[in-house]
Amino acid sequence: MNAHALMASSPATPAPTGFAPSVGAGVAGEALRVENLRVELASGADIIDHIHFSLAPGEILGLVGESGSGKTTLATALLAHARRGAQIAGGRIDIAGASLLELKGDALRRARGGLIGYVAQDPAMALNPALRIGNLLRETLLAHEPLLARAAQADRLQQTLVDVGLPGDREFLRRFPHQLSGGQQQRVMLALAFVLRPRLIVLDEPTTALDVGTQAHILQTLRRLCKEQGVAAVYVSHDLAVIKDLVDRVMVMYAGRIVEVAQRERLFARPAHPYTLGLLAAIPDVARQRPLQAIAGHAPAPGQRPQGCAFAPRCARRSAACTSLEPSLNALDSAQQVACLHPQLTAVAAPTVVPATMLSCADTPLLSLRDLNLSYDRQVLFDLSLDLYKGECLAVVGESGSGKTSLARTLAGLGDTAQAELTFDGQPLSLLARQRPAATRHRIQYIFQNPYRALNPRQTVAQCLQAPLEHFFGLKGAACRARIDAALARVALPPDAAHKYPHHLSGGERQRVAIARALVCEPSVLICDEVTSALDVSVQAAILALLKQLQGEGMTLLFVTHDLGVVRAIADRVVVVREGRIVEQGPAQDVLDHPQAAYTQGLLAHSPRLG
Amino acid sequence: MFSASVWREPQIRRGGLVTLAIVLLALLGPWLAPHAATDMVGGVYGPPSGEAPLGHDFLGHDVVSRLLSGGVSILWMSLAAAAIALVLGTALGLLAGLSRQRLDQAITWLADVWLAFPDLILVLLIVSMLGRAPWLIVMTVAIAFTPGVIRLARGSAVAVASQEFVEAAQMMGFSRTRILLREILPNVLTPLLVHFGNMLTWGVGMLSGLSFLGYGVAPPAADWGLMINENQAGLLVQPWAVLAPALLIGVFAYGTNILAEGIARHSAGERK
């Protein structure tokens, strides 16, 4: 579809006013042109550098990279903004003929919003809770177009709300943000961006907090709006699978540089940069089980880039030249550019499918839960029963609010108001951890979702692991020390990690410490509550591999997740939970390949997939 | 808890040096003083001279000697009061923050009622009823400070107690005391230390206020607060007898405040 023609014919696109095109403005017909952009810290170390790219009206670019790759820095730089302690040190950004970095004061303020819209990650934080939806939109509109007549204003608001898939009636305009669902809130954010008819929209992982169904709908809406209105978009994400059906082109960033840019189909069929290959191999695929490959090592911090290619230390294809020459972005052909001395030039072989191993379960369950009812201010779990067999990995799947976390917490002994019958190893077990005998308490361990909150920031890793060892086994001194070293080795952390505080560790390393804390208790059951959802995909792959390895050593796992790809990668059996009730359960292969419940079918249909 | 990097924080260095200087002055002062604090060595409100750089006070004492001797009492009293309030308030506040039930309501209610009394009035009331022994004054100032500490400790503890590492400890079956001391206390210490610095400052202010009103250290003993009170009549004739102790109190307040702020900054940066 020709986006230019669309844009010209669209009555909604106003003529740009108030922006005199400056000398050397971008090529006509481009919505965005970025040249040699550089953002650096006060120390002079670059966060991003040598950034060149351009976007046509209506084109959607996926900006992909892991934490620390500089993708968010680039996204905010497109609004001429740098976070505290950083500054835009050089380069040029042209948006619809205006040179953004030369604008100051009022002109810059009008450009933000007017020319470039921004949609933040968490709508619940981004929407002012004290303002009604109507006021939010009206204020935004009036700040940029104060001369708009009242009737035209109302029309524009209503049209925009309908465009983003929200009811445009008066009743809806009177609501407050907290009265909307997460998906509706994110649609309001889209409306706030689109109401000003910008030329470019920057979206920073706007769907990470949403359920898969909601996410799929929002992405559809976004693509339709960009195409209809000729608005270019930069969509920031850490997950290639999520953006697969949304974007036209993908730009992969690593350590502050663009390492690969390609048309969407090309990138997924024939990734050329080893880092892109690694990212793709790390994403669990809901369609088929395959071994997940983590990317070993860390991305370098700003100012610590190695000589030559920044990815070389983690790269399997590196040669001697890679450590001395920094590769520049070269076009392989019109559809693909890559910054690598040894790009992959042929399509990658389809990943080997792992044959499903049928687990030989013991007949009697290790942990058995009957008729769990749980209420807070309302009832969240209804007559829920499940069995966990020794040595298996049982996945509990559901959307936010399904009660899956409450279920996991109850098993771990944190469900204060729960009522149920629980047996463990044939013996009745209390629902409250403090009433369980120490001899059983240590055998059921829990790993939390957010590794940033699960570790005491004032304790070193050694202190954190030592406490349960003293508590459960009365170990002190050298014996304790030996167990700590063994546990760290088991989760693949170096021994010197013992003396570090959590803030010295990355997210993946923190989650490993949390797992080590559970392991020193010598558990039989590990309850994992969304343990990888706060982590990058390559780190997630490593953590999943670690859990799989523990299972191989005889551990029983209960894995709570919303991600069916992760279920495919790790689970033997699945329980699907919806609104506090089990809607389907069975062997993972069966449920994922032949879902029976309509709800499971819906979840599967909306799950982002690579294939 | 803090590494050697604390000294890289300029505010900690500056605040620490200023505070240390005043404390040393107060501690070593009595030995350095040219005269005893109660010796009448000159004329009433005698002007500054080579022998007495800051002149003489309302009874003809040497102002420099009284300054050097009059710091110990006010500093130890404010330090003791702030320390007692810190320990008492932290214990009650943490208990309230972790229990979140009836005990919490009771402690919070008590602290709120207590806070409703103006500090100085409360202290004046107690001292005028029970007498002016130094330990009694310290206790009353500490009691006036305690509800503020309770509120702060409780608020910080509530925020920490909802974090998952506290739940992890509960799940392991650690005792409540252990959770309070090992999991929660280290994470609320920073705001409490900053508050401690502020209390030192307020304590010096409140104690000099008490002396000024005639309820503090009894004359003829030397005390910075008392000196301001004694010599106010001669402010226009011999201002140094009033200004010098006021200045020292001000500098001490500045030092502890900057130090407290530096600790807060350092600890915020440490966790980034």
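## Where chain B meets chain A

The side chains of Glu164(B) and Arg453(A) pair up in a salt bridge, with 3.6 Å from N to O. That pair is a handy way into this structure, which is a predicted model.

Let's stay with the contact between the two chains. The count of salt bridges between chain B and chain A is two. Polar contacts across the same boundary come to 11 residue pairs, both partners at pLDDT 80 or more. Which elements of chain B give two or more residues to the side that touches chain A? They are helix H7 (164–172), helix H8 (176–212) and helix H10 (240–271). H7(B) makes the largest contribution to that side, with seven residues. Sorted by character, the residues on the side of chain B that touches chain A are six nonpolar, seven polar and eight charged.

How many residues are in contact? On chain B there are 21, and they touch 24 residues of chain A. The area buried between the chains is about 2100 Å², and carbon and sulfur atoms give 52% of that. Three residues stand out here: Glu164(B), Met171(B) and Met172(B) supply 35% of the area that chain B buries against chain A, more than any other three residues. So Glu164(B) turns up twice, in this trio and in the salt bridge to Arg453(A).

Now for the empty space. Searching the whole structure turns up eight cavities of 30 Å³ or more. The largest cavity has a volume of about 90 Å³, and residues from both chains line it. From chain A come Asn456(A), Gln459(A), Cys464(A), Ala467(A), Pro468(A) and Arg517(A). Chain B brings Phe165(B), Ala168(B), Ala169(B), Met172(B), Phe174(B) and Glu183(B). Two elements give two or more residues to this lining, namely helix H15 (461–473) of chain A and H7 of chain B. H7(B) has the largest share, with four residues. The lining as a whole splits into eight nonpolar, two polar and two charged residues. Met172(B) is a residue to keep in view, as it belongs to the lining of the largest cavity and to the trio that supplies 35% of chain B's buried area.

Back to salt bridges, this time over all chains: the count comes to 33. Two of them are set side by side here.

| Salt bridge | N to O distance |
|---|---|
| Glu164(B) and Arg453(A) | 3.6 Å |
| Glu326(A) and Arg305(A) | 3.3 Å |

Where do Glu326(A) and Arg305(A) sit in chain A? Both lie in the loop between helix H12 (274–282) and strand E11 (330–333) of chain A, so the pair ties together parts that are 21 residues apart in sequence.

Finally, a word on chain B overall. Chain B has 10 helices and zero strands, so to speak an α run from the N terminus on. Its C-alpha trace spans about 75 × 45 × 25 Å along the principal axes.

Terms used
Residues numbered from 1 in each chain as written. Chains lettered and ligands numbered in written order. Predicted model: local features only at pLDDT ≥ 70, side-chain atom pairs only at ≥ 80, totals over all residues. Heavy atoms only, no water. Contact = heavy atoms within 4.5 Å. Buried area = accessible area lost by both parts, 1.4 Å probe. Salt bridge = Lys/Arg side-chain N within 4 Å of Asp/Glu carboxyl O. Polar contact = N/O pair within 3.5 Å; in protein donor to acceptor, adjacent residues only side chain to side chain. Nonpolar A, V, L, I, M, F, W, Y, C, P; charged D, E, K, R; others polar. 1 Å grid on protein atoms, 1.4 Å probe; cavity = no way out; pocket = protein on both sides within 12 Å on 5 of 7 lines; lining within 4 Å. Points joined across faces, edges and corners; volume = space filled by probe spheres on them.
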